[in-house]
Amino acid sequence: MKDISFQISWGGKGETRKLDAGEAAWPFNSDSPVIDGIVRPDRALSIMLVNLCGLEWEDIEPLLPAATRGAKDQGMLPVIIVDLTDMVPLQKAGLAYDCLPNVTAGSLQQPDLDWRAYFVRRKHLLIEKWRPEAIVHLGNDQDW
């Protein structure tokens, strides 16, 4: 892997240190196509979660260009968050994505489970996983 040197800043104090391409690309592999043009030598990868929960694919697809453009304009990588049960169309879109449970579908299959609480717990884990710089809500579920 190629070494990349860039400025890192915590609480206003800057530190320059050598990072390999894998560190600079976290949480992606350095050769991942979704980070092409996003990872820069002057700063760490920045994530923008784009919440599209509560929408079906037909409603999501037209929002993707604006969501990705908005994130890239901010120098961030968009990670699309959905609660779909069918991931194939999203995989074909070639974007970074993650999934939360579909409360409506789950409630029909296991009505005794507290799906809202399960959703909230999974949402917190998802945010811990991605450590986003920003979260944009374009879906119906904006209870974040």
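This is a short dialogue on reading the sheet, its helices and an aromatic pair in a predicted model.

User: Let's start with the sheet. In what order do the strands sit, and is the pairing parallel or antiparallel?

Analyst: The general idea is that strands of a sheet pair through backbone hydrogen bonds, either parallel or antiparallel. Here you have an open sheet of four strands in the order β5-β4-β3-β6, and the pairing is parallel. At the edges are β5 (96-99) and β6 (134-137), each pairing on one side only. From one strand to the next, the twist averages 25 degrees.

User: How many bridges join β4 to β5?

Analyst: Four bridges link β4 (residues 77-82) with β5. To find one of them, go to Val-82, whose bridge partner in β5 is Cys-99.

User: And which strands does helix α6 lie across?

Analyst: Helix α6 (residues 115-130) lies across β3, β4, β5 and β6, and runs at about 150 degrees to β5. Then look at helix α3 (residues 64-73), which lies across β3 (47-51) and β4, at about 140 degrees to β4.

User: How many aromatic pairs are there, and where?

Analyst: There's one aromatic pair. The ring centres of Trp-115 and Tyr-118 are 5.5 Å apart and the planes sit at 85 degrees, so this pair is edge-to-face; planes over 60 degrees apart count that way. Both residues lie in helix α6, three residues apart, about one turn of the helix.

User: Is Trp-115 buried or exposed?

Analyst: Buried means under 20% relative accessible area, so Trp-115, at 12%, counts as buried. Its partner Tyr-118 has 34% relative accessibility and therefore counts as partly exposed.

Terms used. Residues numbered from 1 in each chain as written. Predicted model: local features only at pLDDT ≥ 70, side-chain atom pairs only at ≥ 80, totals over all residues. Heavy atoms only, no water. Pairing = 2+ DSSP bridges. Helix = DSSP H or I, 4+ residues; strand = E, 2+ residues; numbered from the N terminus. Axes fitted to C-alpha atoms, helices over the stretch in contact; angles between N-to-C directions. Contact = heavy atoms within 4.5 Å. Phe/Tyr/Trp six-rings, centres within 6.5 Å; stacked < 30°, edge-to-face > 60°. Buried < 20%, exposed > 50% of the residue type's maximum accessible area, 1.4 Å probe, protein only.
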